[in-house]
Amino acid sequence: MKRSEIAIIGGGPSGLMAAEILSLQNHSVTVYDSMPTVARKFLLAGKSGLNITHSEDFQRFADRFGASSERLRAALDAFTPADVCAWAEGLGTETFVGSSGRVFPKAMKASPLLRAWIRRLDAQGVRILTRHRWTGFDGRALVFDTPDGRKVVHSDATLLALGGASYPRLGSDAGWLAVLNDVGADVAEFRPANCGFDVDWSAPFSERFGGEALKSVTATSKAGTIPGEFVITRHGIEGSLVYAHAAHLRDPLQTQGTAALQIDLVPGRTGDRLAKDLARQDSKMSFSNRLRKGAGLAGVKSALLREIAPEAPRADPKALAELIKSLPIAVLRPRPIAEAISSAGGVRWSTMDDAYMLKALPGIFVAGEMIDWEAPTGGYLLTACFATGRAAARGINAWLRR
């Protein structure tokens, strides 16, 4: 029987995972990538330890994808966080659960896992062609710009796994948007996700405290109250605690024009206890000493209080305690999407069927971050990329057999 020719455009986690599944089904699989090497964003993520998934209760994990949770559920059910760990260990990468519940390779690197993965794909007959930039269709054929010029490829089925719009220097530049719009696929506008925000700091504050971390705080938005830390930057705020609230800051900014993150600088004490501790301080002491002795605030925390609430030195203990327990940082705008860890937006769910095939283009499937979903950092992004790659591969296999 003639083997089906399958083209996978995009050599990130979704595309490589689909290639792994499809090559086991006796298909001829070729992965095309525009960059000189594959999985560049995957390798960049590995520089901070490669958080591949999360160990929390699966129901809670599956609900982390907001409005897309229901559509993603079947894919996640078929490739759970436990399956991710088993898959990595099958490639010789042992994992461990960090104190936050996040799951990491024991080597704390992405490169050993990627090398083992590429070796497996090669052994399964997968071809990987780099420096092949997809530019669109010629009838039903695929067109690429390559070092040797224009190349036309005919495939029996195609998976688009081209990523979103964050970190364009690594290959995910959303250059495919115009192509899919032209053929009738409905694509939601890309917006930054898991991103920092601009804040209108005074020059003295940003110059003195840019780069300083606020540790052991909680931040509150419609995402809930979450403990952690974040960094003051010259332009605003960055870090994992900010990313956890990013969607609930970005969306109000877009619809209402304003948004604020409420910071509790001393989450270990109640407001009443804090007010009493502050009231016991000698009113003749400097404000800095009263904060240090009564609230344990100094350095960047004390400076942030003064920056946000210049009236704080004149506030009575109860009002001061309220400020310390709920200090509003008004954000102006998200940082540019090129700086974001991930992006919201992409191919709308309504434009594809349950097998991840585009309704307007039979035989063309999509997976990964180019679909309109988002999730917080913590292993959710990578797990969903793996899972949708596998789900699209199953869809391709079923479609070819029909």
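Reader: What do the buried residues of helix 12 pack against?

Author: In this predicted model, the buried residues of helix 12 pack against helix 8 (203–209), helix 11 (287–295) and helix 13 (317–325), and also against strand 13 (213–221), strand 14 (224–232) and strand 17 (327–330).

Reader: Ok, and which residues in helix 12 are buried?

Author: Helix 12 covers residues 299–308, and its buried residues are Val300, Lys301, Ser302, Ala303, Leu304 and Leu305.

Reader: Switching to helix pairs. At what angle do helix 4 and helix 14 pack?

Author: About 90 degrees, with the axes of helix 4 (residues 69–78) and helix 14 (residues 380–401) 8 Å apart. An angle of 65 to 115 degrees counts as roughly perpendicular, so helix 4 and helix 14 are roughly perpendicular to each other.

Reader: Which residues meet there?

Author: From helix 4 you have Leu72, Ala75, Leu76 and Ala78. On the helix 14 side they meet Thr383, Ala384, Ala387, Thr388, Ala391 and Arg394.

Reader: And how does the contact of helix 4 with helix 14 split by class?

Author: There are seven nonpolar, two polar and one charged residues in the contact of helix 4 with helix 14.

Reader: Let's do sheets. What's the strand order in the open sheet of five strands?

Author: The order is 6-2-1-10-20, and the pairing is parallel. Strand 6 (127–129) and strand 20 (364–366) are the edge strands, each pairing on one side only. From one strand to the next, the twist averages 20 degrees.

Reader: How many bridges do strand 1 and strand 2 pair over?

Author: Five bridges, in the parallel sense, between strand 1 (residues 5–9) and strand 2 (residues 28–32).

Reader: What stands opposite Ile8 and Glu5 in strand 2?

Author: Ile8 has Val31 opposite it in strand 2, while Glu5 has Ser28.

Reader: Is strand 1 largely enclosed or not, and why?

Author: Strand 1 is largely enclosed by the rest of the structure, because four of its five residues are buried. The cut-off for buried is under 20% relative accessible area.

Reader: What about the open sheet of three strands, what's the order there?

Author: That open sheet runs 7-8-9, with antiparallel pairing. Its edge strands are strand 7 (133–138) and strand 9 (149–153), and each pairs on one side only. On average, neighbouring strands of this sheet are turned by 30 degrees against each other, direction ignored.

Reader: And how many bridges between strand 8 and strand 9?

Author: Strand 8 (residues 141–146) pairs with strand 9 over five bridges, in the antiparallel sense. Val143 stands opposite Val152 in strand 9.

Reader: Zooming out, how many helices and strands in the protein?

Author: The secondary structure comes to 14 helices and 20 strands.

Reader: What box do the C-alpha atoms fill?

Author: Roughly 90 × 40 × 35 Å, taken along the principal axes.

Reader: How much of the protein is buried, and what's the accessible surface?

Author: Buried residues make up 52% of the 402 residues. The accessible surface of the protein is about 17,900 Å², and 50% of that belongs to carbon and sulfur atoms.

Reader: Last one. What share of the contacts with a separation of 6 or more comes from residues 24 or more positions apart?

Author: For those contacts in the protein, the share is 69%.

Key: Residues numbered from 1 in each chain as written. Predicted model: local features only at pLDDT ≥ 70, side-chain atom pairs only at ≥ 80, totals over all residues. Heavy atoms only, no water. Pairing = 2+ DSSP bridges. Helix = DSSP H or I, 4+ residues; strand = E, 2+ residues; numbered from the N terminus. Axes fitted to C-alpha atoms, helices over the stretch in contact; angles between N-to-C directions. Parallel < 35°, antiparallel > 145°, perpendicular 65-115°, else oblique. Contact = heavy atoms within 4.5 Å. Nonpolar A, V, L, I, M, F, W, Y, C, P; charged D, E, K, R; others polar. Buried < 20%, exposed > 50% of the residue type's maximum accessible area, 1.4 Å probe, protein only. Areas by Shrake-Rupley, 256 points an atom, 1.4 Å probe, with all protein chains shown as cover.
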